[in-house]
Amino acid sequence: MEIVKRPRRLRYSGTLREAVRETRLSASSLVYPVFVKEGAGIKSGIASMPGQYHWSPDRLPELYDSLLERGVNRIMMFGLPSKKDEEGSGAYREDGVVQQALRLTKRRYGGEVYCVTDLCMCEYTSHGHCGILDGDDVDNDRTLESLAVIAVSQARAGADMIAPSDMMDGRIRAVRLALDAQGFERIPIMAYSAKYASAFYGPFRSAADSAPAFGDRKSYQMDYHNRKEARKEVLADIEEGADIVMVKPALAYLDIIQTVAGLVEVPVAAYSVSGEYSMIKSAAAAGLIDEAALVYETAVSVFRAGADILISYFAPELSVRLRDGLNAER
Ligand code: PBG
């Protein structure tokens, strides 16, 4: 047998290496999560997520200007109401924090800032569960009614896309029907379809003060020992009308992203969640890793697994890196 002496990969150096890359990232695939807090004049650091802030609606323009300057124009909004109650009424009030933020955004920025809204009740309920309770259990069907009302109120306030994250059964259909009935048939739904009950949400729950007051979310979020169940969930959501399906978290769930991407014929989003962010941030602060390199490498892994969209707290850093071509030689 003839031995080939040329080194196998030297051929792929410099610009050629870039030309043959299988995975390419684009800033247009990134979505940045924003925490909007009821009140005025607020930009306050989130202790569990160094580098992330709570913003009151009036100060959002500051954030938008800096995002736009860095090439990020898609955001996902989470609301933090000043008062929580049993029914999570802050989620659908006409003057709710997300509704205020949406109106301001659309008035000042129009289509320049694309607004996805997270649709869930856990940031608004005093008990911290993702729905209306019946005793100690979430009442699935009453929750669906609330979610439909919240979705319509977000759409009225200017949401461009609705992202239900509650994991109740039948929620995509309920939300789709409600939106259509109110003339919002053009608003797409991005379903948190394969959402696992994960310890990676810890920093978010302190940021949103949304840890359940009792029990956990394991009755409605998925068991991470299961992969086939993700197939079932995404197919059901698509059948109910989801336009985009999401896998969450991202980093420890690359196999799920790959499975879903190979299965469905709609775009797949992955949410790199708070715990993934804070792990990298704290390891970098301790001088243990190269933050920028790791942010890029982990993002690539999500797209390599098959995701089309990445929701990430690192979206601005990633976008700048892509724009400056810093990925070329890494
Ligand atoms: C609401 C929701 C959560 C996250 C996104 N939407 C919290 C949860 O399910 O406990 C987590 C996002 C993150 O950790 O960055 N249900």
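Which residue follows α4, and what is the sign of its phi? The residue is glycine 158, with a positive phi near 120°. The structure is a predicted model, in which local features need pLDDT of at least 70 and side-chain atom pairs count only at pLDDT 80 or more, while totals for chains, interfaces and linings use all residues. Residues are numbered from 1 along each chain as its sequence is written, and side-chain values use heavy atoms, leaving out hydrogens and water.

Helix α4 makes a good starting point. Helices (DSSP runs of H or I, at least four residues) and strands (runs of E, at least two) are numbered from the N terminus. With 18 residues, α4 reaches 26 Å from its first C-alpha to its last, close to the 26 Å expected at 1.5 Å a residue; the expected span is 1.5 Å times one less than the number of residues. At the N-terminal end, aspartate 139 acts as a cap, with a side-chain oxygen 3.2 Å from the backbone nitrogen of aspartate 141.

Many readers will want to know what surrounds this helix. Among its buried residues are Leu144, Leu147, Ile150 and Val152, where buried means under 20% relative accessible area, exposed over 50%, and partly exposed in between (1.4 Å probe, protein chains only). The cover over the buried residues of α4 includes α3 (97-109), β5 (114-119), β7 (137-138), β8 (161-164) and α5 (171-181). Threonine 143 also belongs to α4, and this residue counts as buried because its relative accessibility is 0%. Leaving out residues up to four places away in sequence, threonine 143 touches Met121, Cys130, Gly131, Ile132, Val138 and Met168, a contact being heavy atoms within 4.5 Å.

The largest nonpolar core has 105 residues, and Phe35, Met76, Met77, Leu179, Met190, Tyr271 and Ile311 have the most contacts inside it. Helix α4 (residues 140-157) supplies the largest share of this core, 8 residues. Such a core is a set of buried Ala, Val, Leu, Ile, Met, Phe, Trp, Tyr and Cys residues joined through side-chain atoms within 4.5 Å. Beyond its neighbours within four places in sequence, leucine 179 is in contact with residues including Ala151, Val152 and Ala155.

Turning to the ligand, Lys195, Arg205, Lys248, Ser274 and Tyr313 come nearest of the 20 residues around it, counted when a heavy atom lies within 4 Å. Polar side-chain atoms of aspartate 118 and of lysine 248 each lie 3.4 Å from a nitrogen atom of the ligand. A side-chain N or O atom of tyrosine 313 is 2.6 Å from a ligand oxygen.

Key: Polar contact = N/O pair within 3.5 Å; in protein donor to acceptor, adjacent residues only side chain to side chain.
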